[in-house]
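Here are some notes for a colleague who is meeting this structure for the first time. Please read them with the sequence and the model side by side.

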Amino acid sequence: MADLPSVKAEHAVPRQLEGCHTAVVDGYVVEGHVPADVIRRLLEERPDVIGIAVPGMPIGSPGMESPDRPAEHYEILTFDEEGQTTVYERR
């Protein structure tokens with residue numbers, strides 16, 4: 001998409017959670033390098049949130065693997081309409 005910032009704004013992605021990818025999966029916003037198993041968990045549990053995000057591009061997250069650098073610890077966060085976040089999982 002040519003205008004990804006407008007997609008993020010339309011789906012109320014908090015600025016501090018923005019990543020380089022945005023998708024809508026079964027009504028949830030998925031922002032950044034979120035692991036597929038966490039997306040499956042989100043769809044099974046169906047929490048009352050707008051979406052889920054991995055801010056930035058942590059080394060070791062899906063698509064960011066590196067044979068030259070160790071994986072970073074990172075958090076997968078949920079966010080609601082007010083922009084409040086909760087840690088959903090840590091990797």
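## Notes on the sheet and its surroundings

1. Strands S4 and S5 pair in the antiparallel sense, and 5 bridges join them. Please keep in mind while reading that this is a predicted model. Within this pairing, threonine 78 stands opposite threonine 86, which belongs to S5. The two strands form a hairpin with 5 residues between them, and in its turn glycine 83 has a positive phi of about 85°.

2. The wider setting is an open sheet of 5 strands, in the order S1-S2-S3-S4-S5, whose pairing is mixed. Strand S1 (22-25) and S5 stand at the edges with a single partner strand each, so one side of each is left without a neighbour in the sheet. On average, and with direction ignored, neighbouring strands of this sheet are turned by 25° against each other. As general background, strands of a sheet pair through backbone hydrogen bonds, in either a parallel or an antiparallel manner.

3. At the other edge of the order, S1 and strand S2 (residues 28-32) are paired in the antiparallel sense over 4 bridges. Valine 24 stands opposite valine 29 of S2, while the bridge partner of valine 25 in S2 is tyrosine 28. These two strands also form a hairpin, with 2 residues between the strands, in which aspartate 26 takes a positive phi near 50°.

4. Strand S2 deserves a separate look, since the reader will find that 5 of its 5 residues are buried. S2 and S3 run parallel and are joined by 4 bridges, and here valine 29 stands opposite glycine 51 in S3. Valine 29 therefore has a place in both pairings, being opposite valine 24 as well.

5. Which helix lies across the strands of the sheet? Helix H2 (residues 36-45) lies across S1, S2, strand S3 (51-54), strand S4 (75-79) and S5, and runs at about 125° to S5.

6. Glutamate 89 is found in strand S5 (residues 85-90), and the side chain of this glutamate makes a polar contact with the side chain of arginine 41, at 3.0 Å. Leaving aside residues up to four places away in sequence, glutamate 89 touches Val38, Arg41, Tyr74, Glu75 and Ile76.

7. Arginine 41 has a further arrangement to check on the model, for it lies over the face of tyrosine 88, at 3.8 Å from the ring centre. As for contacts between rings, the structure holds 0 aromatic pairs.

8. Is cysteine 20, in the loop between helix H1 (4-10) and S1, buried or partly exposed? With a relative accessibility of 31%, cysteine 20 counts as partly exposed, because buried would require a value under 20% and exposed one over 50%. When residues up to four places away in sequence are not counted, cysteine 20 touches Leu4, His33 and Met57. Cysteine 20 and aspartate 37 are 17 residues apart in sequence, and their C-alpha atoms are 19 Å apart in space.

How values were computed: Residues numbered from 1 in each chain as written. Predicted model: local features only at pLDDT ≥ 70, side-chain atom pairs only at ≥ 80, totals over all residues. Heavy atoms only, no water. Polar contact = N/O pair within 3.5 Å; in protein donor to acceptor, adjacent residues only side chain to side chain. Contact = heavy atoms within 4.5 Å. Phe/Tyr/Trp six-rings, centres within 6.5 Å; stacked < 30°, edge-to-face > 60°. Lys NZ or Arg CZ within 6 Å of the ring centre and 35° of its normal. Axes fitted to C-alpha atoms, helices over the stretch in contact; angles between N-to-C directions. Buried < 20%, exposed > 50% of the residue type's maximum accessible area, 1.4 Å probe, protein only.
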